[in-house]
Amino acid sequence: MSAAGAARSPAAAARLAHAVALHQAGRLDAAEPLYRELLTEAPDDLDALHLLGVLWHRSGRAESGLALIERAIALRPRDPTMHCNRGAALRDLGRHDDALASLDAALRLDPAHATAANNRIAVLLDLHRDDAAVAACDMVLARRPDDATAHYHRGRGLEALGRAEPALAAYDQACAVRPNFIPAIEAGVGLLRNLGRSREALARCERLLQAAAPDAGRWHLHASLLLDADQPQAALDSLGRALALDPDHAASHHDAGHAWIALGRPDLALAPYGRAMALEPGLPFLRGQWLHTRLKVCDWTDLAADTARLAAAIDAGEPATAPFPATLLALDEAQLLRAARTYVHQRHGEPAPRLPAWPRGPRIRLGYFSPDFH
(Lines give C-alpha, C1' and ligand atoms only; values in the text may rest on other atoms or scores of the structure.)
Protein backbone atom coordinates (compact mmCIF):
# COMPACT_ATOMS: atom_id res chain seq x y z
CA MET A 1 0.00 0.00 0.00
CA SER A 2 1.15 3.53 -0.66
CA ALA A 3 0.91 6.12 2.09
CA ALA A 4 -2.07 7.66 0.33
CA GLY A 5 -3.95 4.45 0.99
CA ALA A 6 -4.41 3.36 -2.60
CA ALA A 7 -3.24 -0.08 -3.63
CA ARG A 8 -0.18 -0.13 -5.87
CA SER A 9 -0.80 -1.28 -9.37
CA PRO A 10 0.88 -4.57 -10.32
CA ALA A 11 3.29 -2.60 -12.53
CA ALA A 12 4.21 -0.24 -9.66
CA ALA A 13 4.64 -3.17 -7.26
CA ALA A 14 6.95 -4.90 -9.74
CA ARG A 15 8.93 -1.68 -10.24
CA LEU A 16 9.35 -1.28 -6.46
CA ALA A 17 10.49 -4.90 -6.07
CA HIS A 18 13.00 -4.43 -8.89
CA ALA A 19 14.29 -1.19 -7.31
CA VAL A 20 14.70 -2.86 -3.93
CA ALA A 21 16.61 -5.77 -5.49
CA LEU A 22 18.95 -3.37 -7.29
CA HIS A 23 19.37 -1.34 -4.10
CA GLN A 24 20.26 -4.42 -2.06
CA ALA A 25 22.77 -5.47 -4.74
CA GLY A 26 24.50 -2.10 -4.41
CA ARG A 27 23.39 -0.87 -7.84
CA LEU A 28 22.24 2.50 -6.55
CA ASP A 29 22.44 4.29 -9.91
CA ALA A 30 20.01 1.76 -11.38
CA ALA A 31 17.63 1.76 -8.39
CA GLU A 32 17.33 5.55 -8.09
CA PRO A 33 15.37 6.24 -11.32
CA LEU A 34 12.86 3.50 -10.44
CA TYR A 35 12.17 5.09 -7.03
CA ARG A 36 11.83 8.46 -8.75
CA GLU A 37 9.30 7.05 -11.24
CA LEU A 38 7.24 5.66 -8.37
CA LEU A 39 7.23 9.04 -6.63
CA THR A 40 6.25 10.82 -9.84
CA GLU A 41 3.19 8.58 -10.03
CA ALA A 42 2.46 8.64 -6.25
CA PRO A 43 4.34 11.43 -4.38
CA ASP A 44 3.38 9.96 -1.00
CA ASP A 45 4.47 6.39 -1.75
CA LEU A 46 5.85 5.57 1.69
CA ASP A 47 8.34 2.88 0.66
CA ALA A 48 9.71 4.86 -2.28
CA LEU A 49 10.15 7.96 -0.09
CA HIS A 50 11.93 6.04 2.63
CA LEU A 51 14.14 3.93 0.41
CA LEU A 52 15.14 6.77 -1.92
CA GLY A 53 16.03 8.74 1.21
CA VAL A 54 18.23 5.89 2.41
CA LEU A 55 19.82 5.63 -1.05
CA TRP A 56 20.59 9.34 -1.18
CA HIS A 57 22.10 9.21 2.30
CA ARG A 58 24.33 6.27 1.44
CA SER A 59 25.46 7.86 -1.81
CA GLY A 60 26.71 10.99 -0.05
CA ARG A 61 23.56 13.13 -0.13
CA ALA A 62 22.66 12.91 3.54
CA GLU A 63 20.79 16.22 3.74
CA SER A 64 18.51 15.38 0.82
CA GLY A 65 18.09 11.81 2.06
CA LEU A 66 17.14 13.05 5.53
CA ALA A 67 14.37 15.23 4.07
CA LEU A 68 12.80 12.23 2.30
CA ILE A 69 13.08 9.98 5.35
CA GLU A 70 11.41 12.64 7.49
CA ARG A 71 8.55 12.88 4.96
CA ALA A 72 8.13 9.11 5.27
CA ILE A 73 8.16 9.28 9.10
CA ALA A 74 5.44 11.93 9.00
CA LEU A 75 3.28 9.41 7.13
CA ARG A 76 4.16 6.46 9.42
CA PRO A 77 5.54 7.84 12.72
CA ARG A 78 5.77 4.50 14.52
CA ASP A 79 8.17 2.73 12.14
CA PRO A 80 11.41 2.00 14.07
CA THR A 81 13.51 1.37 10.95
CA MET A 82 12.67 4.80 9.57
CA HIS A 83 13.71 6.44 12.86
CA CYS A 84 16.89 4.33 12.76
CA ASN A 85 17.73 5.48 9.24
CA ARG A 86 16.96 9.08 10.20
CA GLY A 87 19.46 8.73 13.05
CA ALA A 88 22.13 7.40 10.67
CA ALA A 89 21.68 10.38 8.34
CA LEU A 90 21.79 12.83 11.25
CA ARG A 91 24.99 11.25 12.50
CA ASP A 92 26.67 11.69 9.13
CA LEU A 93 25.58 15.33 9.15
CA GLY A 94 27.32 15.81 12.52
CA ARG A 95 24.02 16.33 14.37
CA HIS A 96 24.86 13.83 17.08
CA ASP A 97 22.33 14.88 19.73
CA ASP A 98 19.51 14.74 17.18
CA ALA A 99 20.82 11.36 16.00
CA LEU A 100 20.68 10.00 19.56
CA ALA A 101 17.11 11.20 19.96
CA SER A 102 16.07 9.52 16.71
CA LEU A 103 17.78 6.25 17.61
CA ASP A 104 16.24 6.34 21.10
CA ALA A 105 12.84 6.72 19.40
CA ALA A 106 13.56 3.66 17.25
CA LEU A 107 14.48 1.63 20.33
CA ARG A 108 11.39 2.72 22.22
CA LEU A 109 9.33 1.38 19.33
CA ASP A 110 11.42 -1.81 19.04
CA PRO A 111 13.84 -2.50 21.92
CA ALA A 112 15.31 -5.44 19.97
CA HIS A 113 16.22 -3.37 16.87
CA ALA A 114 19.87 -4.41 16.47
CA THR A 115 20.86 -1.78 13.91
CA ALA A 116 19.41 1.06 15.96
CA ALA A 117 21.17 -0.18 19.09
CA ASN A 118 24.55 -0.39 17.35
CA ASN A 119 24.10 2.93 15.59
CA ARG A 120 23.32 4.52 18.96
CA ILE A 121 26.54 3.08 20.38
CA ALA A 122 28.47 4.48 17.41
CA VAL A 123 27.08 7.96 18.15
CA LEU A 124 28.10 7.65 21.81
CA LEU A 125 31.62 6.80 20.65
CA ASP A 126 31.60 9.81 18.31
CA LEU A 127 30.74 11.96 21.32
CA HIS A 128 33.55 10.34 23.38
CA ARG A 129 31.00 9.08 25.87
CA ASP A 130 33.02 5.91 26.09
CA ASP A 131 31.76 4.60 29.45
CA ALA A 132 28.17 4.95 28.25
CA ALA A 133 29.06 3.24 24.97
CA VAL A 134 30.63 0.25 26.75
CA ALA A 135 27.60 -0.03 29.06
CA ALA A 136 25.28 0.06 26.02
CA CYS A 137 27.35 -2.68 24.37
CA ASP A 138 27.01 -4.83 27.49
CA MET A 139 23.23 -4.43 27.33
CA VAL A 140 23.15 -5.44 23.66
CA LEU A 141 25.42 -8.42 24.26
CA ALA A 142 23.30 -9.61 27.17
CA ARG A 143 20.46 -9.90 24.65
CA ARG A 144 22.54 -11.00 21.63
CA PRO A 145 25.91 -12.51 22.67
CA ASP A 146 26.85 -13.12 19.03
CA ASP A 147 26.42 -9.51 17.87
CA ALA A 148 29.81 -8.94 16.19
CA THR A 149 29.24 -5.21 15.74
CA ALA A 150 28.54 -4.75 19.45
CA HIS A 151 31.75 -6.62 20.33
CA TYR A 152 33.65 -4.36 17.92
CA HIS A 153 32.11 -1.19 19.36
CA ARG A 154 32.85 -2.44 22.86
CA GLY A 155 36.49 -2.81 21.86
CA ARG A 156 36.55 0.76 20.54
CA GLY A 157 35.11 2.08 23.79
CA LEU A 158 37.51 0.09 25.94
CA GLU A 159 40.47 1.20 23.82
CA ALA A 160 39.42 4.85 24.21
CA LEU A 161 39.29 4.29 27.97
CA GLY A 162 42.86 3.01 27.93
CA ARG A 163 41.91 -0.62 28.61
CA ALA A 164 44.00 -2.15 25.88
CA GLU A 165 43.89 -5.86 26.72
CA PRO A 166 40.08 -6.05 27.19
CA ALA A 167 39.72 -4.05 23.97
CA LEU A 168 41.87 -6.53 22.10
CA ALA A 169 39.79 -9.38 23.52
CA ALA A 170 36.62 -7.64 22.31
CA TYR A 171 38.02 -7.29 18.79
CA ASP A 172 38.97 -10.97 18.89
CA GLN A 173 35.45 -11.88 19.99
CA ALA A 174 33.99 -9.87 17.10
CA CYS A 175 36.20 -11.83 14.70
CA ALA A 176 35.29 -15.12 16.37
CA VAL A 177 31.64 -14.38 15.58
CA ARG A 178 32.35 -12.97 12.11
CA PRO A 179 35.78 -14.24 10.96
CA ASN A 180 36.34 -11.70 8.17
CA PHE A 181 35.01 -8.67 10.06
CA ILE A 182 37.37 -6.13 8.49
CA PRO A 183 36.86 -3.18 10.92
CA ALA A 184 37.61 -5.42 13.92
CA ILE A 185 40.73 -6.87 12.30
CA GLU A 186 41.94 -3.36 11.40
CA ALA A 187 41.25 -2.10 14.90
CA GLY A 188 43.25 -4.97 16.39
CA VAL A 189 46.17 -4.19 14.08
CA GLY A 190 46.13 -0.53 15.07
CA LEU A 191 45.88 -1.26 18.79
CA LEU A 192 48.75 -3.74 18.75
CA ARG A 193 50.89 -1.30 16.80
CA ASN A 194 50.16 1.46 19.31
CA LEU A 195 51.21 -0.93 22.07
CA GLY A 196 54.54 -1.48 20.33
CA ARG A 197 53.67 -5.11 19.57
CA SER A 198 54.54 -4.76 15.89
CA ARG A 199 55.13 -8.44 15.15
CA GLU A 200 51.68 -9.40 16.46
CA ALA A 201 50.21 -6.49 14.51
CA LEU A 202 52.02 -7.71 11.39
CA ALA A 203 50.51 -11.19 11.70
CA ARG A 204 47.02 -9.69 11.98
CA CYS A 205 47.69 -7.37 9.07
CA GLU A 206 48.57 -10.37 6.90
CA ARG A 207 45.24 -11.89 7.88
CA LEU A 208 43.61 -8.59 6.92
CA LEU A 209 45.23 -8.67 3.48
CA GLN A 210 43.83 -12.16 2.91
CA ALA A 211 40.32 -11.21 4.06
CA ALA A 212 39.89 -7.76 2.49
CA ALA A 213 39.75 -6.50 -1.07
CA PRO A 214 43.07 -5.23 -2.48
CA ASP A 215 43.65 -1.73 -1.18
CA ALA A 216 46.66 0.61 -1.31
CA GLY A 217 46.12 1.78 2.25
CA ARG A 218 46.21 -1.75 3.65
CA TRP A 219 49.40 -2.64 1.75
CA HIS A 220 50.91 0.60 3.03
CA LEU A 221 49.95 -0.39 6.58
CA HIS A 222 51.64 -3.76 6.03
CA ALA A 223 54.79 -2.00 4.81
CA SER A 224 54.76 0.33 7.81
CA LEU A 225 54.65 -2.64 10.16
CA LEU A 226 57.52 -4.29 8.27
CA LEU A 227 59.52 -1.09 8.73
CA ASP A 228 58.69 -1.19 12.45
CA ALA A 229 59.99 -4.77 12.48
CA ASP A 230 63.24 -3.69 10.74
CA GLN A 231 62.42 -5.46 7.46
CA PRO A 232 62.90 -2.64 4.91
CA GLN A 233 63.37 -4.86 1.86
CA ALA A 234 60.10 -6.67 2.52
CA ALA A 235 58.51 -3.27 3.15
CA LEU A 236 59.56 -2.13 -0.33
CA ASP A 237 57.79 -5.16 -1.81
CA SER A 238 54.54 -4.24 -0.02
CA LEU A 239 54.91 -0.60 -1.01
CA GLY A 240 55.28 -1.72 -4.61
CA ARG A 241 51.91 -3.48 -4.30
CA ALA A 242 50.36 -0.36 -2.78
CA LEU A 243 51.67 1.85 -5.57
CA ALA A 244 50.55 -0.62 -8.25
CA LEU A 245 47.01 -0.11 -6.92
CA ASP A 246 47.37 3.66 -6.46
CA PRO A 247 50.43 5.28 -8.07
CA ASP A 248 49.62 8.58 -6.33
CA HIS A 249 49.51 7.16 -2.79
CA ALA A 250 51.71 9.78 -1.13
CA ALA A 251 52.24 7.90 2.14
CA SER A 252 53.61 4.90 0.23
CA HIS A 253 56.14 7.05 -1.64
CA HIS A 254 57.08 8.59 1.72
CA ASP A 255 57.69 5.21 3.36
CA ALA A 256 59.60 3.96 0.30
CA GLY A 257 62.05 6.76 1.09
CA HIS A 258 62.27 5.53 4.68
CA ALA A 259 62.91 1.98 3.49
CA TRP A 260 65.79 3.07 1.24
CA ILE A 261 67.27 5.07 4.15
CA ALA A 262 67.08 1.94 6.32
CA LEU A 263 68.85 0.00 3.56
CA GLY A 264 71.67 2.56 3.51
CA ARG A 265 70.70 4.04 0.13
CA PRO A 266 69.84 7.72 0.70
CA ASP A 267 70.48 8.32 -3.01
CA LEU A 268 67.48 6.11 -3.83
CA ALA A 269 65.36 7.72 -1.11
CA LEU A 270 65.34 11.17 -2.70
CA ALA A 271 63.02 10.32 -5.60
CA PRO A 272 60.20 8.81 -3.48
CA TYR A 273 60.52 11.60 -0.91
CA GLY A 274 60.27 14.15 -3.71
CA ARG A 275 57.25 12.40 -5.22
CA ALA A 276 55.53 12.32 -1.81
CA MET A 277 56.18 16.05 -1.37
CA ALA A 278 54.75 16.80 -4.80
CA LEU A 279 51.60 14.80 -4.02
CA GLU A 280 51.07 15.92 -0.43
CA PRO A 281 53.42 18.70 0.72
CA GLY A 282 51.96 18.72 4.24
CA LEU A 283 52.89 15.13 5.14
CA PRO A 284 54.19 15.34 8.71
CA PHE A 285 57.97 15.77 9.05
CA LEU A 286 58.63 15.02 5.38
CA ARG A 287 60.23 18.34 4.41
CA GLY A 288 62.93 18.05 7.07
CA GLN A 289 63.62 14.42 6.19
CA TRP A 290 63.94 15.35 2.50
CA LEU A 291 66.45 18.11 3.25
CA HIS A 292 68.40 15.87 5.63
CA THR A 293 68.61 13.19 2.93
CA ARG A 294 69.85 15.74 0.40
CA LEU A 295 72.65 16.67 2.81
CA LYS A 296 73.63 13.00 3.02
CA VAL A 297 74.16 12.83 -0.74
CA CYS A 298 75.76 16.31 -1.00
CA ASP A 299 72.92 17.83 -2.99
CA TRP A 300 73.15 21.54 -2.19
CA THR A 301 70.80 22.77 -4.95
CA ASP A 302 68.72 25.69 -3.65
CA LEU A 303 69.52 24.56 -0.12
CA ALA A 304 69.29 28.05 1.41
CA ALA A 305 65.89 28.73 -0.17
CA ASP A 306 64.53 25.31 0.81
CA THR A 307 65.81 25.75 4.37
CA ALA A 308 64.11 29.15 4.54
CA ARG A 309 60.83 27.54 3.49
CA LEU A 310 61.30 24.90 6.19
CA ALA A 311 61.99 27.63 8.77
CA ALA A 312 58.79 29.42 7.76
CA ALA A 313 56.80 26.20 8.19
CA ILE A 314 58.32 25.66 11.64
CA ASP A 315 57.50 29.25 12.62
CA ALA A 316 53.90 28.64 11.49
CA GLY A 317 53.66 25.67 13.85
CA GLU A 318 53.50 23.09 11.06
CA PRO A 319 54.88 19.56 11.64
CA ALA A 320 57.61 20.13 9.07
CA THR A 321 60.58 18.24 10.53
CA ALA A 322 61.60 15.81 13.22
CA PRO A 323 64.08 17.25 15.75
CA PHE A 324 67.25 15.44 14.63
CA PRO A 325 67.26 16.46 10.93
CA ALA A 326 66.58 20.03 12.04
CA THR A 327 69.83 20.17 14.02
CA LEU A 328 71.84 19.82 10.79
CA LEU A 329 70.19 22.76 9.04
CA ALA A 330 70.69 26.52 9.31
CA LEU A 331 67.95 27.10 11.89
CA ASP A 332 68.16 29.18 15.05
CA GLU A 333 67.74 27.77 18.54
CA ALA A 334 64.16 29.00 18.90
CA GLN A 335 63.20 27.21 15.69
CA LEU A 336 64.89 24.00 16.82
CA LEU A 337 62.94 24.13 20.08
CA ARG A 338 59.68 24.89 18.27
CA ALA A 339 60.25 22.02 15.85
CA ALA A 340 60.92 19.62 18.73
CA ARG A 341 57.83 20.74 20.62
CA THR A 342 55.66 20.39 17.52
CA TYR A 343 57.06 16.92 16.91
CA VAL A 344 56.37 15.75 20.47
CA HIS A 345 52.86 17.20 20.46
CA GLN A 346 52.05 15.58 17.10
CA ARG A 347 53.42 12.17 18.08
CA HIS A 348 52.56 11.97 21.77
CA GLY A 349 49.93 14.60 22.60
CA GLU A 350 50.20 16.81 25.62
CA PRO A 351 53.45 16.54 27.62
CA ALA A 352 53.50 14.72 30.94
CA PRO A 353 53.60 16.87 34.09
CA ARG A 354 57.08 18.08 34.94
CA LEU A 355 58.78 15.79 37.47
CA PRO A 356 60.00 17.34 40.71
CA ALA A 357 63.72 18.05 40.87
CA TRP A 358 65.83 15.23 42.32
CA PRO A 359 67.30 16.35 45.66
CA ARG A 360 70.96 17.24 45.47
CA GLY A 361 73.40 14.96 47.28
CA PRO A 362 77.14 14.85 47.81
CA ARG A 363 77.71 12.77 44.67
CA ILE A 364 76.90 13.74 41.09
CA ARG A 365 74.26 11.50 39.49
CA LEU A 366 74.53 10.99 35.73
CA GLY A 367 71.88 9.63 33.38
CA TYR A 368 72.53 8.49 29.82
CA PHE A 369 69.65 8.63 27.35
CA SER A 370 69.51 7.52 23.75
CA PRO A 371 66.90 6.10 21.36
CA ASP A 372 69.50 3.48 20.44
CA PHE A 373 69.98 1.92 23.87
CA HIS A 374 66.73 -0.09 23.63
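## A helical chain without disulfides

A search of the whole structure turns up zero disulfides. If that word is new to you, a disulfide is a covalent bond between the sulfur atoms of two cysteines. Take C137 as an example: the nearest cysteine sulfur belongs to C175 and sits 15 Å away, and C137 is in no disulfide. The cut-off for a disulfide is a pair of cysteine sulfur atoms within 2.5 Å, so C137, with 15 Å to the sulfur of C175, doesn't make the list. Keep in mind as you look around that this is a predicted model.

### The whole chain

What is the protein chain built from, helices or strands? It has 20 helices and zero strands. Now for the overall dimensions. The C-alpha trace spans about 90 × 50 × 40 Å along its principal axes. The radius of gyration of the protein chain is 27 Å, whereas a compact globule of 374 residues would come out near 21 Å.

How much of the chain is tucked away? Of its 374 residues, 43% count as buried. On the outside, the protein chain exposes about 20300 Å², and 54% of that comes from carbon and sulfur atoms. As for contacts, take those with a separation of 6 or more: residues 24 or more positions apart account for 46% of them.

Charges are easy to tally too. There are 41 positive and 45 negative side chains in the protein chain, and the centres of these two sets lie 4 Å apart.

### Five residues to look up

Here is how a handful of residues compare in accessibility.

| Residue | Relative accessible area | Class |
|---|---|---|
| C137 | 0% | buried |
| T307 | 7% | buried |
| L127 | 29% | partly exposed |
| C298 | 52% | exposed |
| D230 | 63% | exposed |

Why does T307 count as buried? Buried means under 20% relative accessible area, and T307 has 7%, so that is its label. You'll find T307 in helix α18, which covers residues 303-315. Leaving aside neighbours within four places in sequence, T307 is in contact with L291, L329, A330 and L331.

L127 is found in the loop between α7 (114-126) and α8 (130-143). Partly exposed is the class between the 20% and 50% cut-offs, so L127 belongs there because its value is 29%. Which residues does L127 touch, once its neighbours within four places in sequence are set aside? They are H96, D97 and L100. For a sense of distance, try going from L127 to L209: the two are 82 residues apart in sequence, and their C-alpha atoms are 31 Å apart in space.

### Two loop residues with positive phi

D230 isn't a glycine, yet its phi is positive, at about 60 degrees. Its place is the loop between α13 (216-228) and α14 (232-245). Exposed means over 50%, so D230 earns that label with its 63% relative accessibility.

C298 is another non-glycine residue with a positive phi of about 60 degrees. Look for C298 in the loop between α17 (286-296) and α18. With a relative accessible area of 52%, C298 is exposed, whereas C137, the cysteine from the start of this report, is buried at 0%.

How values were computed:
Residues numbered from 1 in each chain as written. Predicted model: local features only at pLDDT ≥ 70, side-chain atom pairs only at ≥ 80, totals over all residues. Heavy atoms only, no water. Helix = DSSP H or I, 4+ residues; strand = E, 2+ residues; numbered from the N terminus. Rg over C-alpha atoms; globule rule 2.2 N^0.38 Å. Buried < 20%, exposed > 50% of the residue type's maximum accessible area, 1.4 Å probe, protein only. Contact = heavy atoms within 4.5 Å. Areas by Shrake-Rupley, 256 points an atom, 1.4 Å probe, with all protein chains shown as cover. Lys, Arg positive; Asp, Glu negative; His and termini not counted. Charge placed at Lys NZ, Arg CZ, Asp CG, Glu CD.
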